Amino acid sequence: MKILVTGGAGFIGSNFVFHMLDKHPDHDIICVDALTYAGNLSTLDSVMNDPRFKFFKADIADREAIYKIFEDEKPDIVVNFAAESHVDRSIEDPEIFLRTNILGTAVLMDACRKYGITRYHQVSTDEVYGDLPLDRPDLFFTEETPIHTSSPYSSSKASADLLVLAYHRTYGLPVTISRCSNNYGPYHFPEKPIPLMIANALNDKPLPVYGEGLNVRDWLYVEDHCRAIDLIIHKGKVGEVYNVGGHNEMRNIDIVKLICKELGKPESLITFVTDRKGHDMRYAIDPEKIHRELGWLPETKFADGIKKTIKWYLDNRSWWEEIISGEYRNYYEKMYGNR
Ligand code: NAD
Ligand code: DAU
């Protein structure tokens, strides 16, 4: 079985590559990644010499390059993680989100149609459902919740989801989609809040909390997400959408305070900054379908996962220090300089 994983040099994609090589000795993994600012080849160092792993640097929206890889490698299953993933960047400049997240998805699925696969899996997000109000804790996103997006990022992901379902209905492409809540864990790029707050706290720098920090996210340890996708591609029903989340809702401010506490840093580092435009208030997934149909349940509790994650950032300082010392500095100044 050959699995083509796109975006495997990014956060969740790399964790998925490690998970699959570890759990499935009979699977080969082909990783395709354009190595954008968010892709880091050094993340894959430990598997580069594994005979069951191959890496290709390519843009998923580059039809010629993608067709060539499919022709040469003939994958059985495609799992598409590759995306522009940062909401704030999409607000600054939406265009690349449309190219990669929508056009890239279409090119991959065209390649699947042309060369034949047994499954195309789209890694989507709970953000396609929009947000929920803070005063209705009884409401959750189910697979039937209407698509109702807020940012250019979530709109591009929703567009891709609609295309995936259209390719299933129109061409009979055997697709599945997973819509997961916020992930955290090793190799999370330090523009995202958990690694950003850890890195800033360790450097005694301000911890920039948007608005009043009351927005709620439903955090899931990345390995639990990888296990869910593994189950869906092997046992999930073609044409179906599966929500993935762990009923772990937390306010941003509480997470930042917890990080301060774990690192022994003062809460006075917390700085409230201008809110994100169109900021979604609350995400909360109902994972009943994937539990009922595939037996999936999250295994890592947040209290343990956040400790493991902080330890990982302490033990792997060179990984993130290299990132925040490069081009990232200009990004940080641009995004936070006048906030
Ligand atoms: P990430 O930004 O860390 O990684 C994205 C990867 O995709 C990088 O390695 C990058 O180089 C690669 N990439 C970007 N554009 C590409 C292109 N045109 N061609 C080939 N490769 C390209 O993202 P992530 O947080 O790991 O997210 C992975 C996927 O999971 C995304 O599709 C995202 O929408 C989805 N998702 C993320 C979360 C989360 O909390 N991070 C939650 C739910 C769903
Ligand atoms: O829900 C899944 C989505 O989760 C994924 O699809 C996205 O790729 C991923 O980035 C994430 O999106 P969010 O909308 O939750 O944004 P983000 O991860 O950037 O931030 C999480 C929360 O933290 C959000 O409410 C904004 C806040 N935040 C973020 C940053 C970067 C801050 O308060 N300060 C910050 O500096």
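## Fold and ligand sites of a predicted model

The secondary structure of the protein comprises 12 helices and 13 strands, where helices (H or I, at least four residues) and strands (E, at least two) are DSSP runs numbered from the N terminus. The radius of gyration is 19 Å, close to the 20 Å that the globule rule gives for 339 residues, so the protein is as compact as a globular protein of that length. This radius is taken over C-alpha atoms, and the globule rule is 2.2 Å times the number of residues to the power 0.38. This is a predicted model, in which local features need pLDDT of at least 70 and side-chain atom pairs count only at pLDDT 80 or more, while totals for chains, interfaces and linings use all residues. Residues are numbered from 1 along each chain as its sequence is written, chains are lettered from A and ligands numbered from 1 in the order in which they are written, and side-chain values use heavy atoms, with hydrogens and water left out.

Along the principal axes, the C-alpha atoms fill a box of roughly 55 × 45 × 35 Å. Buried residues account for 56% of the 339 residues; buried means under 20% relative accessible area, exposed over 50%, and partly exposed in between (1.4 Å probe, protein chains only). Of the contacts (heavy atoms within 4.5 Å) between residues at least 6 apart in sequence, 83% join residues at least 24 apart.

### The two ligands

Ligand 1 is surrounded by 28 residues, the closest being Ile12, Asp33, Ser85, Tyr153 and Lys157. Around ligand 2 there are 24 residues, and the closest are Asp126, Glu127, Tyr153, Arg217 and Tyr336. A residue is near a molecule if one of its heavy atoms lies within 4 Å of it. The table lists polar contacts, pairs of N or O atoms within 3.5 Å; within protein, one must be able to donate a hydrogen and the other to accept it, and residues adjacent in sequence count only if both atoms are side-chain atoms.

| Ligand atom | Protein partner | Distance |
|---|---|---|
| Ligand 1, nitrogen | Isoleucine 60, backbone | 2.9 Å |
| Ligand 1, nitrogen | Threonine 100, side chain | 3.2 Å |
| Ligand 1, oxygen | Tyrosine 153, side chain | 2.6 Å |
| Ligand 2, oxygen | Aspartate 126, side chain | 2.5 Å |
| Ligand 2, nitrogen | Proline 208, backbone | 2.8 Å |
| Ligand 2, oxygen | Histidine 279, side chain | 2.7 Å |

Taken alone, ligand 1 exposes 840 Å², of which the protein buries 96%; for ligand 2 the area is 680 Å² and the buried share 94%. Accessible areas come from the Shrake-Rupley method with a 1.4 Å probe, and for residues only the protein chains shown count as cover.

The shell of ligand 1 draws at least two residues from each of α1 (11-23), β5 (119-125) and α5 (152-171), and β5 gives the most, with three. For ligand 2, α6 (193-202) and β8 (207-210) each supply at least two residues, with β8 giving the most, three. The shell of ligand 1 divides into 14 nonpolar, 11 polar and three charged residues, and that of ligand 2 into 10 nonpolar, eight polar and six charged. Here Ala, Val, Leu, Ile, Met, Phe, Trp, Tyr, Cys and Pro count as nonpolar, Asp, Glu, Lys and Arg as charged, and the others, Gly among them, as polar.

### Asparagine 243 and threonine 145

Asparagine 243 lies in strand β11 (residues 241-244) and is buried, with a relative accessible area of 0%. Its side chain makes a polar contact with the side chain of tyrosine 129 (2.8 Å), and a polar atom of that asparagine 243 side chain lies 3.1 Å from the backbone oxygen of phenylalanine 141.

Threonine 145 is located in the loop between β5 and α5. A polar atom of the threonine 145 side chain lies 2.8 Å from the backbone nitrogen of threonine 142. Beyond its neighbours within four places in sequence, threonine 145 is in contact with Tyr129 and Phe140.
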